[in-house]
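Below are some notes for a colleague who has not seen this structure before. They go from the whole chain to particular helix pairs and then to a single residue.

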Amino acid sequence: MTAKKNTEKKGAQSTPETDDKQMAARIKALAANRTTPAHVLKRISRLTEVLSVEGLDSILEDTPVMLAEQYRQAAPHATTGKAKKAKAELVALVERYATDADLELDAFARYLSEVLRIARTHPDMPSQLYNDIAGAWNEYVNTVIARANLWDSEEYVRLVLAEEKRKKEAGEEGVAL
């Protein structure tokens, strides 16, 4: 008697750790990458379209920014079986084609922000440690912003205004950035 092999394919599984905003950023990066194969870009477009139709009843343009925004808006509303399957397949596709460098940068951003948050808020953490880490990061950011002339860009103005609004709503005082 021979054992029967299970040849049934399992569907793509979405990892619960994947945040919709992070995934949207990864979709944008992958879609903007010139080395991403055309068939992958076409599949990303189709899957985000399915999510959009199932979750929002609207279709956006196929630019990297629009694909990312389409995913970000539709993913939380992916409640139908078809939308959930599309979301899981899209997540798996992006994770498959993401480069190690992309993943390392994502991890660095996540861990640095956590280090800064913990160093700032933990009562046993010396303020000198936080000041040194935050000072180095701020110096780097200021250099990048000055070099790219971002001070007067629309994105930077929006960031500052959004942070001020957040602080005001939270009852915090002072200049945000």
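1. Overall make-up. The protein chain holds 7 helices and 0 strands. Along the sequence the pattern reads α-α-α-α-α-α-α. Please keep in mind that this is a predicted model.

2. Burial and surface. The protein chain has 177 residues, and 24% of them count as buried. About 13000 Å² of the protein chain is exposed, with carbon and sulfur atoms supplying 55% of that area.

3. Contacts along the chain. Take the contacts in the protein chain between residues at least 6 apart in sequence: 51% of these join residues at least 24 apart.

4. Describing helix pairs. The next points each take up one pair. Two packed helices are described by the angle between their axes and by the distance between those axes.

5. Helix 1 and helix 4. Helix 1 covers residues 20-32 and helix 4 covers residues 81-97; the two pack at an angle of about 55 degrees, their axes 10 Å apart. Angles from 35 to 65 degrees fall outside the parallel and perpendicular ranges, and helix 1 and helix 4 are therefore oblique to each other. Their crossing is left-handed. On the helix 1 side the contact is made by Asp20, Met23, Arg26, Ile27 and Leu30, and on the helix 4 side by Lys87, Leu90, Val91, Val94, Glu95 and Tyr97. Sorted by type, the residues of this contact are 7 nonpolar, no polar and 4 charged.

6. Helix 5 and helix 6. Which residues of helix 5 and helix 6 meet? First the geometry: the axes of helix 5 (residues 100-121) and helix 6 (residues 127-148) come within 9 Å and cross at roughly 140 degrees. Angles count as roughly antiparallel when over 145 degrees, and helix 5 and helix 6 are therefore oblique to each other. The crossing of helix 5 with helix 6 is left-handed. From helix 5, Leu112, Val115, Leu116, Ala119 and Arg120 meet Tyr130, Ile133, Ala134 and Trp137 from helix 6. This contact of helix 5 with helix 6 is made up of 8 nonpolar residues, no polar residues and 1 charged residue.

7. Glutamine 70. Is glutamine 70 buried or exposed? This residue sits in helix 3, which spans residues 64-74. Its relative accessible area is 1%, and the cut-off for buried is under 20%, so glutamine 70 is buried. Glutamine 70 is 46 residues from alanine 24 in sequence, while their C-alpha atoms are 8.2 Å apart in space.

Notes
Residues are numbered from 1 along each chain as its sequence is written. This is a predicted model: local features need pLDDT of at least 70, side-chain atom pairs count only at pLDDT 80 or more; totals for chains, interfaces and linings use all residues. Side-chain values use heavy atoms; hydrogens and water are left out. Axes are lines fitted to C-alpha atoms, for helices over the stretch in contact, and angles run from 0 to 180 degrees between N-to-C directions. Helices (H or I, at least four residues) and strands (E, at least two) are DSSP runs, numbered from the N terminus. Angles under 35 degrees count as roughly parallel, over 145 as roughly antiparallel, 65 to 115 as roughly perpendicular and the rest as oblique. A crossing is left-handed if the near helix is turned anticlockwise from the far one by less than a right angle, and right-handed if clockwise. Contact means heavy atoms within 4.5 Å. Ala, Val, Leu, Ile, Met, Phe, Trp, Tyr, Cys and Pro count as nonpolar, Asp, Glu, Lys and Arg as charged, and the others, Gly among them, as polar. Buried means under 20% relative accessible area, exposed over 50%, partly exposed in between (1.4 Å probe, protein chains only). Accessible areas come from the Shrake-Rupley method with a 1.4 Å probe; for residues, only the protein chains shown count as cover.
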